[in-house]
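Work through the exercises below with the sequence and the model at hand. Each task is followed by a solution in steps.

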Amino acid sequence: MYVHHMNDASDKESESYRSFLLLNEIASDENLSQRELAKRLGIALGLVNSYLKHMVAKGFVRVKAFPRNRYAYLLTPRGIAEKSRLAYQHLNYFTNLYRYARRDYQQLFHRLKAEGVTRVAFCGGGEVAEIAYLSLREAELELSLLMDEEAADGQQFFGKPVVPVAIGLLAGNHRIVITSLKRQKALHHELLERGVPPEAIYTVGLGNAGQDEEEQGEQP
């Protein structure tokens with residue numbers, strides 16, 4: 001199954017999620033270096049340094065110095081409370097995302113089926129694509145392939161090939177469903193730039209998936 005490291009969320013949500021992952025790693029092993037943290041999270045070393053500086057300033061993390069310029073990062077009581085808050089926040093976010101995405105994609109695919117469409121292509125990988133696939137199967141439509149620029153050779157998504165957009169468009173005249181929330185506008189623009197007719201591209205609004213979220217050296 002094809003999964004991105006980052007979720008399909010707003011930039012603010014992505015930053016919040018990285019903070020949660022970083023706090024979680026620090027809680028699990030206090031001797032991790034910044035370089036080790038960057039490797040585990042799959043983000044740049046400089047970004048880890050920036051996050052840690054922010055967390056130290058907020059009182060979520062404290063730094064313990066060792067000889068030879070080595071440091072350990074420890075969660076403070078405030079940091080433990082923040083990690084718990086972020087865990088609840090993201091559980092709530094993904095619950096909403098799943099509910100609204102399932103509903104909106106169900107409506108889209110049933111409408112396409114009523115129009116005589118039998119198969120579609122997805123554009124954009126990640127959690128939203130996986131949710132869309134469940135709705136696709138419920139509507140008894142077929143997925144031809146998934147297009148994503150981060151595709152690796154031989155990668156598959158529920159048994160279907162994952163290919164770059166340019167390669168996917170060579171496979172034929174598909175009805176293309178954009179299955180990424182964060183990159184929806186960028187992917188729509190790219191498809192248009194590559195000559196895909198506007199009427200062959202489909203997106204969903206995902207209801208109010210993000211609304212609840214809005215309401216509610218090594219040493220740094």
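**Exercise 1: a charge and a ring**

Arg-99 sits over the face of Tyr-100, 4.9 Å from the ring centre. The term requires NZ of Lys or CZ of Arg within 6 Å of the ring centre and within 35 degrees of the ring normal.

The model is predicted, with local features needing pLDDT of at least 70 and side-chain atom pairs counting only at pLDDT 80 or more, while totals for chains, interfaces and linings use all residues. Residues are numbered from 1 along each chain as its sequence is written, and side-chain values use heavy atoms, with hydrogens and water left out.

**Exercise 2: aromatic pairs**

Task: Classify the pair Phe-122 and Phe-157, and place both residues in the chain.

Solution.
- Step 1. A pair of aromatic rings is described by the distance of the centres and the angle of the planes.
- Step 2. Rings of Phe, Tyr and Trp (its six-membered ring) pair if their centres lie within 6.5 Å; planes under 30 degrees apart are stacked, over 60 edge-to-face, and the rest tilted. This rule gives 6 aromatic pairs.
- Step 3. For Phe-122 and Phe-157 the centres are 6.3 Å apart and the planes stand at 65°, so the pair is edge-to-face.
- Step 4. Phe-122 belongs to strand β3 (residues 119–123) and Phe-157 to strand β5 (residues 156–157), so the pair links distant parts of the chain, 35 residues apart. Helices (H or I, at least four residues) and strands (E, at least two) are DSSP runs, numbered from the N terminus.
- Step 5. Phe-157 also forms an edge-to-face pair with Phe-158, at 4.8 Å centre to centre and 90° between the planes.
- Step 6. Tyr-105, Phe-109, Phe-122, Tyr-133, Phe-157 and Phe-158 make up one aromatic cluster.

**Exercise 3: buried or exposed**

Task: Decide for Phe-157, Phe-158, Ser-16, Glu-25 and Pro-77 whether each is buried, partly exposed or exposed.

Solution.
- Step 1. Buried means under 20% relative accessible area, exposed over 50%, and partly exposed in between (1.4 Å probe, protein chains only).
- Step 2. Phe-157 has 0% and is buried, whereas Phe-158 has 32% and is partly exposed.
- Step 3. Ser-16, in helix α1 (residues 11–28), is buried at 13%. Ser-16 touches Leu-86, Gln-89 and His-90, not counting residues up to four places away in sequence; contact means heavy atoms within 4.5 Å.
- Step 4. Glu-25, also found in helix α1, is buried at 19%. Leaving aside neighbours within four places in sequence, Glu-25 contacts Leu-32, Leu-37, Arg-40 and Leu-41.
- Step 5. Pro-77 lies in helix α4 and is exposed at 71%.

**Exercise 4: helix packing**

Task: Describe how α4 packs on α5, and how α2 meets α3.

Solution.
- Step 1. Axes are lines fitted to C-alpha atoms, for helices over the stretch in contact, and angles run from 0 to 180 degrees between N-to-C directions. Under 35 degrees counts as roughly parallel, over 145 as roughly antiparallel, 65 to 115 as roughly perpendicular, and the rest as oblique.
- Step 2. Helix α4 (residues 77–114) and helix α5 (residues 127–138) pack at about 45°, with axes 8 Å apart; α4 and α5 are therefore oblique to each other.
- Step 3. Residues in this contact include Tyr-105 and Phe-109 of α4 and Ile-131 and Leu-134 of α5.
- Step 4. The axes of helix α2 (residues 34–41) and helix α3 (residues 45–58) come within 9 Å and cross at roughly 110°, and α2 and α3 are therefore roughly perpendicular to each other.
- Step 5. Gln-34, Arg-35, Leu-37 and Ala-38 in α2 meet Leu-45, Val-48, Asn-49 and Leu-52 in α3.
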